[in-house]
Amino acid sequence: MHGSEKSDCCVVAMKWANKDAQAEAEFMERRQQAEGNAGQPRTRRTQSRESVSLQLHRVRERAKARGQERFTALLHHVTPSLLASAFSWLKRDAAVGVDGVTWHEYEVDQERRLADLHQRVHRGTYRARPSRRQYIPKADGRQRPLGIAALEDKIVQRALVEVLNAIYEQDFLGFSYGFRPGRGQHDALDALAVAIGQEKVNWIVDADLAKFFDTVSHEWLLRFLEHRVGDERVLRLIRKWLKAGVIEDGVHLATEVGTPQGAVISPLLANVYLHYVFDLWAQQWRQRHARGSMIVVRYADDIVLGFQHQSEAEAFLVALRTRLERFALTLHPEKTRLLMFGRYAQVQRDRAGLGRPETFDFLGFTHICGRDRRGEFQLRRHTRRDRMHAALVAIKDGLRRRLHHSIPVQGKWLGQVVGGYMAYHGVPTNFHRLDAFRHYAVDHWRKALKRRSQRDSTTWERMTRLADAYIPRPRITHPWPNVRFRVTHPRWEPGALIAPAGICAGGAR
C-alpha cells in the first residue's frame with residue numbers, strides 16, 4: 001500500500017529515515033468474552049453478537065468505502081434485539097446506579113422493559129439519569145472518581161457503542177488500542193516491545209495527559225462526532241449523557257466538561273476525541289517532520305512514542321503541548337518525560353559517564369533496558385511496584401472480610417485472585433515479580449489464619465501445603481512479544497523497502 005491507503009492490520013505507527021515506504025503492523029487477539037459473567041451460558045450471547053454484526057455489516061462497509069461520509073440515519077439500528085443483546089453483555093453483578101435496579105431485577109420482566117425502553121428511545125421521551133459517583137483507590141494512594149450509570153442508561157449506551165463501532169473501527173488508526181473490539185493491553189505491549197527491540201529508537205516520550213476524562217470538552221467532542229454522525233437523534237442522546245451530571249452525597253452536580261469514567265460509552269467517546277486531537281495529528285507530524293524512525297503506541301490516554309533523534313523528540317513535545325492546549329487538554333508536567341532508552345541507550349550513557357538508563361511505565365509494567373545471556377539488548381518488563389503493592393493490599397482486605405470462612409473457601413478465592421493476576425502479568429522477564437507476589441499473598445493468608453485464634457500455630461510448613469493445594473505457582477503465560485507478533489503477521493518486516501513486504505507501508509493505519 002502507498003500514500004494514504006488504509007489497511008485493517010496496523011497497530012504501531014513507525015517511520016523509517018529516507019525511505020518511501022513505512023511499515024506498520026499489529027497483533028490481533030480473538031475478542032474476549034465480556035467480564036463478570038463466569039459460569040453463564042455463552043451460546044445465546046454468541047448468536048446475538050453474530051446477529052448484531054450482520055445487521056451492522058452494511059454500515060461497516062459503507063464507512064470503510066466512504067471515509068468522509070456522514071451517517072444521517074443510525075438510530076433505527078438500535079432495535080429491540082440489539083437492546084436485548086446489550087443487556088446480556090452487561091456485567092451481572094455490577095454496582096447499581098441512582099435507579100437502584102440490578103441486572104437480575106431487570107431480567108425478571110426483561111422483554112416488556114426493553115420494549116418500553118425501545119419506544120422511549122425512538123419517541124424521544126427517554127431521559128438520561130445522573131451517574132452515581134463512587135471513588136476507588138489508585139495505585140499511588142489517590143482516589144479515582146467513577147460514574148456508575150443507571151441500568152437503562154448502560155443498556156442504551158452499550159447498544160449505541162455497537163452501532164458507532166461499525167463506523168469508527170474503519171477510521172481509527174492502527175496505533176490506537178484502548179477499548180477497541182479485538183484488541184487488548186497485551187497487543188499494545190507487544191507492539192511497543194517489538195518496535196523498541198527492532199527499530200532505531202533512542203529516545204522515549206512518555207506522555208501523560210492530566211485528568212483527561214475530567215477535562216474533555218463537550219463542545220469539541222460533539223464537533224468531532226459530527227464529522228461522521230449526522231443523525232441528530234444520536235447526537236441528542238450523547239448530549240443527554242454528557243449533561244446528565246452526577247449524584248455525590250445526595251447532591252446533584254452538573255457536568256460541563258468531561259466524560260464520566262465508568263460509563264459504558266466513555267471509552268468510545270475518549271477514542272473519538274483523541275483520534276482527532278492526537279492520532280491524526282501525530283501521523284501528519286511524523287510524515288511532515290520526522291527524518292528518523294518514529295513509533296507511536298496509544299492505549300486510551302496512555303501514550304508512548306519512540307524517536308531516533310533527540311531533537312525530533314523535543315520538537316514533537318513542544319508541538320504536542322500546543323496542540324493539546326487548543327483542545328482543552330494538558331500534559332502532566334511531572335509525569336510526562338523524555339528519556340534516553342533503547343538498544344544503544346546503555347552505550348551512550350556509558351560514554352557520557354551516566355548511570356543505567358531510566359525506566360518508564362506503560363500498562364502496569366516498568367520497561368527496563370537490560371541484557372540477555374549473550375549480552376545483547378533485551379527489553380525487560382517488570383510489574384510496577386505500586387501496582388503489585390495495591391494488589392496485595394486488596395488481597396489483605398479481602399482476606400479480612402473472609403476471616404471466618406472455611407480454609408477451602410478462602411483458598412479457592414485467593415487462588416482465583418492470584419491466578420487472574422498471573423494471567424495478566426505473566427510476561428517473559430517478569431518471573432521473579434510473580435514469585436514474590438505469590439509469596440506475599442500466601443503470607444497474608446498465613447497472618448489472616450493466625451488472627452482467627454490466639455492459639456493458632458499455623459506454620460510455614462502448613463502454609464506451603466495449603467499454597468500447593470490452592471494457589472497456582474508462578475509461570476509465564478505470555479510468549480515473547482516478537483514471537484506472537486511474527487506468528488500473527490509473518491510478512492511484517494520493519495525495514496522493508498517495498499510495500500508488499502512491509503504491512504501498511506503507507507502509515508495510514
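Select helix α9, residues 218-225, where the buried residues (under 20% relative accessible area with a 1.4 Å probe, protein chains only) are His218, Trp220, Leu221, Leu222, Phe224 and Leu225. Helices are DSSP runs of H or I with at least four residues, strands are runs of E with at least two, and both are numbered from the N terminus. Because 6 of the 8 residues of α9 are buried, this helix is largely enclosed by the rest of the structure.

The model is predicted: local features need pLDDT of at least 70, side-chain atom pairs count only at pLDDT 80 or more, and totals for chains, interfaces and linings use all residues. Residues are numbered from 1 along each chain as its sequence is written, and side-chain values use heavy atoms, without hydrogens and water.

Next, display what covers the buried residues of α9, including α6 (151-168), α10 (232-243), α11 and α12 (310-326).

Then turn to the largest nonpolar core, a set of buried Ala, Val, Leu, Ile, Met, Phe, Trp, Tyr and Cys residues joined through side-chain atoms within 4.5 Å. This core has 108 residues, and those with the most contacts (heavy atoms within 4.5 Å) inside it are Ile155, Ile238, Tyr273, Phe278, Phe316 and Phe362. Helix α11 (residues 266-289) gives the most to this core, with 12 residues.

Select Ile155: leaving aside residues up to four places away in sequence, Ile155 touches Leu83, Ala86, Phe87, Leu90, Tyr106, Leu114 and Leu117. A second, separate core of 23 residues can be selected afterwards; Ile407, Phe437, Leu449 and Ile471 are among them.

Finally, show the whole protein chain, which has 18 helices and 12 strands. Of its 509 residues, 53% are buried.

Notes. Buried means under 20% relative accessible area, exposed over 50%, partly exposed in between (1.4 Å probe, protein chains only).
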